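Thanks for making the time this morning. I would like to walk you through one model, and I will ask you to keep the picture on the screen in view while I talk.

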Amino acid sequence: MVTVLRWLSVCLACLPSWVGAHAHLLHTEPPANAVIGQSPQQLRLKFSEPIEKKFVRIKVIANAQPLPVNAENIQWDAVTLTLLVNLPTHVANNYEVQWSVLAKDGHASRGQFVFKVKTP
Amino acid sequence: MDPIIALRGAQTALMAFAFGLLWTTSTPPFNTPKLSAHRLVAWLISSALCCALLRLGYTAWTLQDLSNEPFSLGLMVQTHVGQIVLAQVVCLLLALTSLMWLRNHKLSVCVLLLAMLGSALTGHVAAAAESWVQLLVSSLHVLLAQLWLSGVIGLWWRAKTSDAATNTWRLTLAHFSTWALPGMLLILASGVSLANDTVASWAGLVATPYGLLLVLKLMMVAGALVCAWQLRTWLRGSQTSDAQARTWLTSELGLALAVLLMASWLASTIPAAHDTIVWPFSFRWAPVLAWQQDPTGTVQQLAWGAAAGVVGLMLWLLGRHTFRLLARVALCTGVLAALVVTLPATSITAYPTTYMHSSARLDVVSVTAGHALYEQHCQSCHGLHGHGDGPLAILNQMKPANLTEPHVNWHTHGDMFWWLSHGKGLMPGFADVLTVDERWHLINWLVAQSLGHEARSLTNTPAPFNPWLPSIDFRFQMDTTNFMSLSEWRGLHAVHLVFVNQKNELQRVRDLLQDMKGFPAQLVIVSRPEWLKDLVKGPCEAILVGDSEGVIAQAWSNYRRSFAVPDLFNEETRVPRMEFLIDRYGFVRARWRSDESPSALSINELKQIYDTLSLEGKIKSAAIHQHD
């Protein structure tokens, strides 16, 4: 019994993340760190794998002020694995996007990216 | 460590232990588990059940942050994984009940198997599966791997609890071996299929953490297979003693656990297909490119390599009976010499950035920016049209590369990035002058320019299963709030793209608007905004893109060239009307110019082409990543 428990503990130590991959953000539109011509009406976040649409949180900070983004403004395109975020009409030149998603495999991941607008 | 990952791993391991012990103790000669094994299995199932419940609870707690809803298990059940874990909880409860109270161990085995299938369905490959076939392959791989682990654990337990005299574990091993070999073959086959999706290229296998872990995992599997082979020969009555066989079994168990360690690392590592590849070698194996660069030298070296291999083989054949050792040495030397000679002949120079993906997509904005940068930094040497005939080059008697030749696209974009950053030959590096994005824009323009010259071979009928010319993406405004990109149709359906640069060509557009209804393709018309206003919308729901500054038409004019009108010196960049057929994976497959015959296809002919294209299977090629 002791030997079995010893082997079991080795096995458990060996198996920290049997199926624990993340949904990786592959690219965004506007791209991270880009300088674009005008304030975007929509953000696009392309992920490496499917996510749970119900468990998405996007926070957009434009010139240090959060923009109102609610669930109705967020769409998930399951074919292209892209999250579409419609933004209200606004003018700003410094943007920070903070995102948190839950992958279909149950793993939560989060991150942030910034971009700028040349002429607000 | 992420508690969810640890709990998931622990649950899977505990279920595998329980299944293995239950299986090996209920197969002949023991049809009913012994009491000690029985209690241990019950304990393992209870522990797995606790892990599943903790997993549900912890995930629901973390989901509060993502959903703005208070903590409840209901939150977890709204997710794909939550539903499967809940089903696993039910299965584990059933397994425990049937074992402890119903005393039906066969039912326990069945429901435990179902719970293990749940683990296979919550894997990230299964979650990301794009089709039922992929889902089936990934689930089969994980389930069979769990069964293999269970079997090895069970065997090991049987070997531990039976003495050498009774030797009952040999019977269990014989039982296990009957399905282990086909099972392992299936694991390997499904693993290759999964690796094809997650690694995507040989470079990814060699130069990414994911690829290296995968190679390490394969080495562990190979080791486990050697152990399994030794056990199989023991079963067939070889000289191996019982003690040695037990050592082989313990080694196989150790390697099986090492394989799982690798699998767990792999599962939390960025798949090579999505990772940035930093190439560690100064060469890469590319026989076709090596041959194109130096056909005579490559053929000569290949001939020398083949000769060395043949001599080694001949010596081995002649002396394999009389001088066994010498014959083997000769064979090995011959093969080694063949490799040493042929590998350099089939390789070309590589750089750390060789397999790097562009950070700028091949789109109109990037190509336009790249053109402006070319005029500013490159034109003086490479010439107005990229033919390598710039005034500075002529003045200094230099011969810069002709950027319109096909060789531009023989190199990877990463190779071009390296040359642009660090220089090549007499060309200086531009790392201090251009930003990373600017260098990629410039490369995109070079690629579009070179592809444009290749586009001369485009015909008015798409060659079947031969996509090679990526479309140049562009973004346009649908209405006051919505924007779209051409690339958004990728994976959905084909696009019929029409550029109208002369007003008298609008009649063709009117015909298309009238007749293209019901096509498996989206009609997109790009023209001046004031001309588009004159168009009356027909039954076909077309997308009209106003190109007021003409930048979209300018970028796409790279693809105007044909053998009849090669236009090598940009005499006429704006054709009155051009139509492009873009397949549903974003590749340009056919083109029609208004000044060539046929200048357009009839609606019926077009319909036939689009119907044929829609039957093509999914295109999976490196080109998609390159032009994405």
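Helix 7 of chain B passes helix 11 of chain B in a left-handed crossing, and I should say at once that what you are looking at is a predicted model. If you follow the two axes, that of helix 7, residues 132–161, and that of helix 11, residues 242–267, you will find that they come within 10 Å and cross at roughly 145°. Which residues of the two helices meet there? On the side of helix 7 of chain B they include Trp148(B), Leu149(B), Val152(B) and Trp156(B), and on the side of helix 11 of chain B they include Arg246(B), Leu249(B), Glu252(B) and Leu260(B). Sorted by class, this contact between helix 7 and helix 11 of chain B has eleven nonpolar residues, one polar residue and two charged ones.

Let me step back to chain B as a whole, which has 25 helices and ten strands. Its radius of gyration is 32 Å, well over the 25 Å that the globule rule gives for 628 residues, so chain B is more spread out than a compact globule. The C-alpha trace of chain B spans about 95 × 75 × 50 Å along its principal axes, and 43% of the residues in the chain are buried.

Now to strand 10 of chain B, residues 587–593, where seven of the seven residues are buried. This strand pairs with strand 9 of chain B, residues 577–582, in the antiparallel sense over five bridges, and within that pairing Phe580(B) has Arg591(B) as its bridge partner. The two strands form a hairpin with four residues between them, and in the turn Gly586(B) has a positive phi of about 90°. Strand 10 of chain B also pairs with strand 3 of chain B, residues 469–470, again antiparallel, over two bridges, with Leu469(B) standing opposite Val588(B).

Finally, please turn to chain A, where an open sheet of four strands runs in the order 1-3-7-6 with antiparallel pairing. Its edge strands are strand 1, residues 25–29, and strand 6, residues 74–77, each of which pairs on one side only. Neighbouring strands of this sheet are turned by 20° against each other on average, with direction ignored. At the strand 6 edge, strand 6 of chain A pairs with strand 7 of chain A, residues 82–86, over four antiparallel bridges, and there Ile74(A) has Val85(A) as its bridge partner.

Methods:
Residues are numbered from 1 along each chain as its sequence is written. Chains are lettered from A and ligands numbered from 1 in the order in which they are written. This is a predicted model: local features need pLDDT of at least 70, side-chain atom pairs count only at pLDDT 80 or more; totals for chains, interfaces and linings use all residues. Axes are lines fitted to C-alpha atoms, for helices over the stretch in contact, and angles run from 0 to 180 degrees between N-to-C directions. A crossing is left-handed if the near helix is turned anticlockwise from the far one by less than a right angle, and right-handed if clockwise. Two residues are in contact if their C-beta atoms, placed from the backbone, lie within 7 Å. Ala, Val, Leu, Ile, Met, Phe, Trp, Tyr, Cys and Pro count as nonpolar, Asp, Glu, Lys and Arg as charged, and the others, Gly among them, as polar. The radius of gyration is taken over C-alpha atoms; the globule rule is 2.2 Å times the number of residues to the power 0.38. A residue is buried if 20 or more other C-beta atoms lie within 10 Å of its own, exposed if 12 or fewer, and partly exposed in between; C-beta atoms are placed from the backbone. Two strands pair if DSSP finds at least two bridges between them.
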